[in-house]
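Ready to find your way around a new protein chain? Here are some short exercises, each with a worked solution.

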Amino acid sequence: MTPRLRTVVAVAGAALVVRRALRRRIEASPLWPLPALEEPVSGRPRTRALRLLVTGHERVADGVVQLRLEGRDLPRWEPGAHLDLVLPSGLVRQYSLCGDPEDTSSYTVATRLVEDGRGGSREVHEQVWEGSEIEVRGPRNRFPLVDAPSYVFVVGGIGITPVLPMLRAVQGHADWRLVYGGRSRASMPFLEEIEKLDPERVTVVAEDEEGLPDLDALFAGLPRDTAVYCCGPEGLMAAVEARVPDGATLHLERFAPRTSGEGNGAFEVELRRSGRTVTVAADSTVLAAVRAELPGTVYSCEQGFCGTCQQRVLEGEIDHRDELLTDAERDDSMLICVSRARSERIVLDM
């Protein structure tokens, strides 16, 4: 055996001894294995990725396709939950579960094609076909159905997806009403099922036939403690927010990041570890400005939903616009794809 080979063997043997000793020490610790937390420390559960088989790709309305994804012993979910889909290009997009929560053999999601979008919906429509496999993460729920004596659901178009399981859940258990609007009846997914529900409780409003829903009439005399759920375009949610009376609780599910009422202004971002400073223009994002200097900065959804771009904040006041982080996380971190600075300067640990 040559001297060099003897050295390699000796180093490998020493490394193996160290690893075994470290493992014995860890296993002897009173904290090993660590207990699972009932609530995740971060805003997103640490769920493992799943590879599911696409067994259905069905058009359920103009511009809307429904996917059926099958597996075995799938994690359970509750109304309002969504999945992260890892698309063929690597993009990650979030879609609400609209099937049966008791079905542990499949998940069902639906998405509308956004012609001028960022490409995720087009991938679902044109590249995710029956027989292919797709990676999913979740389910996660930031839009849970709370206990309440009565409910009002206000939905626009594809916003019916998270609400559909809620409607099934409240049947016979609580008082409820639904207003379901869309550009046209042909554009409204799951309309046939909706119209089979109680006609005394359901109002369907096609804009090309009747205009916009009468929200003032809907909220007139609303009982206290009513839970109001709204999912749809930003204009619809703003109109609902402006009309919900005192005593009711409002629950919103957004398609896009929350916009700030203060508008956007330019500010500076110092990247402390990199020794660089970038300017974020009023019409740009922190992510775009940072990636111009650090192209390897990771990101995915660009909507403030997935958490991939989360960065630690060392100094400065944050204008949080995400839909993910917990209050504790917001103290010293931000999602740089959507959130901005309230101060003139902010310092990131990058």
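The secondary structure of the chain comes to nine helices and 18 strands; helices (H or I, at least four residues) and strands (E, at least two) are DSSP runs, numbered from the N terminus. This is a predicted model, where local features need pLDDT of at least 70 and side-chain atom pairs count only at pLDDT 80 or more, while totals for chains, interfaces and linings use all residues. Residues are numbered from 1 along each chain as its sequence is written, and side-chain values use heavy atoms, leaving out hydrogens and water.

**Exercise 1.** Work out why strand β7 is largely enclosed by the rest of the structure.

*Solution.* Start with the cut-offs: buried means under 20% relative accessible area, exposed over 50%, and partly exposed in between (1.4 Å probe, protein chains only). Across the chain's 350 residues, 45% count as buried. Now look at β7, residues 150-156: seven of the seven are buried, so the strand is largely enclosed. Next, recall that side chains in a regular strand alternate between the two faces of the sheet. On one side of β7 you'll find Ser150, Val152, Val154 and Gly156, on the other Tyr151, Phe153 and Val155, and all are buried.

**Exercise 2.** Find the strands that pair with β7 in the parallel sense.

*Solution.* Two strands pair if DSSP finds at least two bridges between them. Strand β8 (residues 175-182) pairs with β7 in the parallel sense over seven bridges. Within β8, Tyr180 is the bridge partner of Val155. To get from β7 to β8, the chain passes through helix α3 (residues 160-170), making a right-handed β-α-β crossover (with the strands pointing away from the viewer, the path from the first strand over the helix to the second runs clockwise). Strand β10 (residues 227-231) also pairs with β7 in the parallel sense, over five bridges. Here Val154 stands opposite Cys230.

**Exercise 3.** Describe the surroundings of Thr161 in helix α3.

*Solution.* First check its cover: at 4% relative accessibility, Thr161 counts as buried. Then look for a polar partner: a polar atom of the Thr161 side chain lies 3.0 Å from the backbone oxygen of Ile158. Finally, list contacts (heavy atoms within 4.5 Å). Beyond neighbours within four places in sequence, Thr161 touches Ser96, Leu97, Cys98, Ala110 and Phe190. Cys98 is itself buried, at 3% relative accessibility.

**Exercise 4.** Why is there no bond between the sulfurs of Cys231 and Cys230?

*Solution.* A disulfide is a pair of cysteine sulfur atoms within 2.5 Å. The closest cysteine sulfur to that of Cys231 is in Cys230, 7.2 Å away, so it is too far for a bond. The whole structure holds zero disulfides.

Note on methods
Polar contact = N/O pair within 3.5 Å; in protein donor to acceptor, adjacent residues only side chain to side chain.
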